[in-house]
Amino acid sequence: MSSPYFADLTSPQVERLRRTDPPTVLLLPVGATEPHGPHAPVSTDSLISMSMCTRAAGRLADDPDLRALILPALPYGVTRYAAAFAGAVHVEADTLHALVVDVCASLVEQGFRHIVIVNNHLEPEHVAALRRVVDTLRATRGIDVGYLDLVRRRNAERLTTEFRAGECHAGCYETSLVLADHPELVDRAQLSKLPRIPVNMPAAIAEGRTDFVAMGMHDAYCGAPADATADEGEATLATLSDMLVEVVRDVAIRN
């Protein structure tokens, strides 16, 4: 079983996984399909989640205490804030919650009780739906699903200055992450022309602004995307992978 991807396995291989040690921890990458400025792909959030999962699974490949496999990514989320721009594919929070609960419950019924949700779409309603998934599965299935919640202060403090400033939608932070693994998807000609847009998104949301345009993000980005580099992306992915490996190891000893 050299592939780190759950969907690459045959049914007999999956059967062996659920009957043998060490425990298998399944990583569920979650993102969104929504505009990320004129320079980055609408798949940005999903790509970042998958990059994190791939790197964490690689680091854990020889771990004697667990096996980490990556589930197919869920590329749709709550994207109300981006509704004014082409490329925003929205699902309701209840739809997202129900789908993730059903996916996890199906896996639990097959004996896979160690699951980690890996999300990089940070719209508040989307994050709240995923937090509710954790609560629902604990209450109905008696399992503690892992969730790497990047907007929790203890996690955010480990990330970049731009992330902590709340300016990271398609800015230097996210664009650097895409450049690290998928540079061919970044429009560099557009990137070089983009000025910094200093929008503190959490503060704007607290003031009641509920879409990118109202926040002053007239090109569906904030922060400083022109400052993005693959090197920064690599460094940030290393930190994100550290955080994910910590959650995976914690989940492996639970349930």
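The following conversation concerns two pockets and one buried residue in a predicted model.

Reader: What should I know about the model beforehand?
Author: Residues are numbered from 1 along each chain as its sequence is written, and side-chain values use heavy atoms, without hydrogens and water. In this predicted model, local features need pLDDT of at least 70 and side-chain atom pairs count only at pLDDT 80 or more, while totals for chains, interfaces and linings use all residues.

Reader: How much space lies in the largest pocket?
Author: About 510 Å³. A pocket is an open set of points on a 1 Å grid over the protein atoms alone, where a 1.4 Å probe fits, with protein on both sides within 12 Å along at least five of seven lines; the volume is the space filled by probe spheres set on the points, which are joined across faces, edges and corners.

Reader: Which residues are the closest to its centre?
Author: Of the 24 residues that line the largest pocket (an atom within 4 Å of a point), these are Leu122, Val151, Cys168, Met201 and Pro202.

Reader: Which helix gives the most to that lining?
Author: H4, with four residues. Helices are DSSP runs of H or I with at least four residues, and strands are runs of E with at least two, numbered from the N terminus.

Reader: Now Glu34: where does it lie?
Author: Glu34 lies in the loop between strand E1 (24-30) and helix H2 (44-59).

Reader: Which side chain of opposite charge is the nearest to Glu34?
Author: Arg80, 11 Å away. Lys and Arg count as positive and Asp and Glu as negative, with His and the chain ends not counted. Glu34 is buried (under 20% relative accessible area, 1.4 Å probe, protein chains only) and has no salt bridge (a side-chain nitrogen of Lys or Arg within 4 Å of a carboxyl oxygen of Asp or Glu).

Note on methods
Buried means under 20% relative accessible area, exposed over 50%, partly exposed in between (1.4 Å probe, protein chains only).
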